[in-house]
Amino acid sequence: MTLSSTTPRPLIAGNWKMNGLSAALDEARAVAAGLDRQPAAARVAVFPPATLLHRLAQAVEGSFVLVGGQDCHHKASGANTGDISAEMVADAGGKLVICGHSERRTDHGETSPQVAGKAEAALAAGLEPIICVGETLDLRQSGQAVAFVVNQVRESLPLSLAGQAFNVAYEPLWAIGTGHTASIDNIVEMHAAIRAELISLFGEQGRGVPILYGGSVKPENAREILAAPDVGGALVGGASLKAKDFLAIVEAA
Ligand code: PEP
């Protein structure tokens with residue numbers, strides 16, 4: 001990836017989803033060790049399940065690996081059984097948090113305004129949010145993908161993000177966990193549309209906000225995707241579970 005002096009380093013984010021028991025901490029340690037041997041051109045973050053967040057943060061402490069939560073509630077505390085707040089993510093050692101992943105939107109009915117509330121909570125807790133957007137296959141096939149995603153950006157990003165560090169992740173639902181990656185043309189078209197909306201919402205700041213691509217990123221396709229215009233990193237699911245594959249993607253950045 002070609003970087004100008006004002007372009008932030010790409011972010012390679014590994015989303016473990018609902019995977020990982022104690023033994024998986026060794027994979028995180030292996031990522032940290034791999035980066036120590038060869039400091040990366042990218043920022044690297046791992047998003048374990050909430051049960052491992054604190055121990056993983058301790059396991060990689062002092063390394064180049066950042067740690068984050070996969071979700072947070074929009075409130076700081078309360079009667080919300082099973083949820084965790086942004087403050088809790090930060091207290092456990094998290095520096096970032098994913099907001100509005102499509103699996104949260106689909107499985108838990110999260111709406112874009114709710115995602116915006118989570119991003120607000122993340123900022124209040126000092127976390128850097130990664131706000132996810134993406135269209136279904138039906139929307140893509142009916143030619144509505146760009147309009148839908150741009151609207152998601154508008155509704156999911158609170159204006160309080162102005163002046164704060166944050167990222168957007170474009171993840172077409174039909175590419176997540178399916179092995180089908182979006183074409184480079186699809187990615188470039190969508191990232192340009194998201195960029196235009198970011199500039200319209202945040203002015204000059206919108207030019208530098210990293211837009212990550214997610215959807216079946218693997219060592220074999222990472223280099224081409226990460227070299228595409230306006231791709232500021234990758235949100236990686238399946239291929240982030242093994243340190244060797246994840247490090248190969250980091251190396252491609
Ligand atoms: C994801 O978890 O956001 C994701 C893109 O998953 P995968 O890389 O497995 O498609």
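K17 sits at a meeting point in this predicted model. Leaving aside its neighbours within four places in sequence, K17 is in contact with F47, P49, Q70, H101, E103, I176 and G237. With one of these residues, E103, the link is polar: the side chains of K17 and E103 make a polar contact at 2.8 Å.

K17 belongs to the loop between β1 (11-15) and α1 (25-37). Its backbone is worth a look. K17 is not a glycine, yet its phi is positive, at about 50°. D230 also has a positive phi, near 70°, and is likewise a residue other than glycine. D230 lies in the loop between α9 (219-226) and β8 (233-236).

How far is K17 from T181 in sequence and in space? The two are 164 residues apart along the chain, and their C-alpha atoms are 19 Å apart.

**The ligand**

Which residues come nearest to the ligand? Of the 14 residues around it, the nearest are K17, H101, E171, G177 and G237. H101 and G237 also appear among the contacts of K17.

Three of the nearest residues place a polar atom by a ligand oxygen, as the table lists.

| Residue | Protein atom | Partner | Distance |
|---|---|---|---|
| H101 | polar side-chain atom | ligand oxygen | 2.8 Å |
| G177 | backbone N or O atom | ligand oxygen | 2.6 Å |
| G237 | backbone N or O atom | ligand oxygen | 2.8 Å |

The ligand on its own has 290 Å² of accessible area, and the protein covers 95% of that. What kinds of residue form the shell around the ligand? The shell divides into 8 polar, 4 nonpolar and 2 charged residues.

**Two helix pairs**

Two packed helices are described by the distance between their axes and the angle between those axes. Two such pairs follow.

Take α1 first, the helix that ends the loop holding K17. Its partner is α10, which spans residues 243-252. The axes of α1 and α10 come within 9 Å and cross at roughly 35°. This crossing is right-handed. On the α1 side, the residues that meet α10 are E27, A30, V31, G34 and L35. On the α10 side, they are A243, F246, L247 and V250. By class, this contact has 7 nonpolar residues, 1 polar and 1 charged.

The other pair is α7 (residues 145-156) and α8 (residues 184-202). Here the axes come within 10 Å and cross at roughly 35°. α7 passes α8 in a right-handed crossing. From α7 come A145, V146, V149, V150, V153 and R154. They meet E189, M190, A193, I194, E197 and L201 of α8. Which classes of residue make up the contact of α7 with α8? There are 9 nonpolar and 3 charged residues, and no polar ones.

Notes:
Residues are numbered from 1 along each chain as its sequence is written. This is a predicted model: local features need pLDDT of at least 70, side-chain atom pairs count only at pLDDT 80 or more; totals for chains, interfaces and linings use all residues. Side-chain values use heavy atoms; hydrogens and water are left out. A residue is near a molecule or strand if one of its heavy atoms lies within 4 Å of it. A polar contact is a pair of N or O atoms within 3.5 Å; within protein, one must be able to donate a hydrogen and the other to accept it, and residues adjacent in sequence count only if both atoms are side-chain atoms. Accessible areas come from the Shrake-Rupley method with a 1.4 Å probe; for residues, only the protein chains shown count as cover. Ala, Val, Leu, Ile, Met, Phe, Trp, Tyr, Cys and Pro count as nonpolar, Asp, Glu, Lys and Arg as charged, and the others, Gly among them, as polar. Axes are lines fitted to C-alpha atoms, for helices over the stretch in contact, and angles run from 0 to 180 degrees between N-to-C directions. Helices (H or I, at least four residues) and strands (E, at least two) are DSSP runs, numbered from the N terminus. A crossing is left-handed if the near helix is turned anticlockwise from the far one by less than a right angle, and right-handed if clockwise. Contact means heavy atoms within 4.5 Å.
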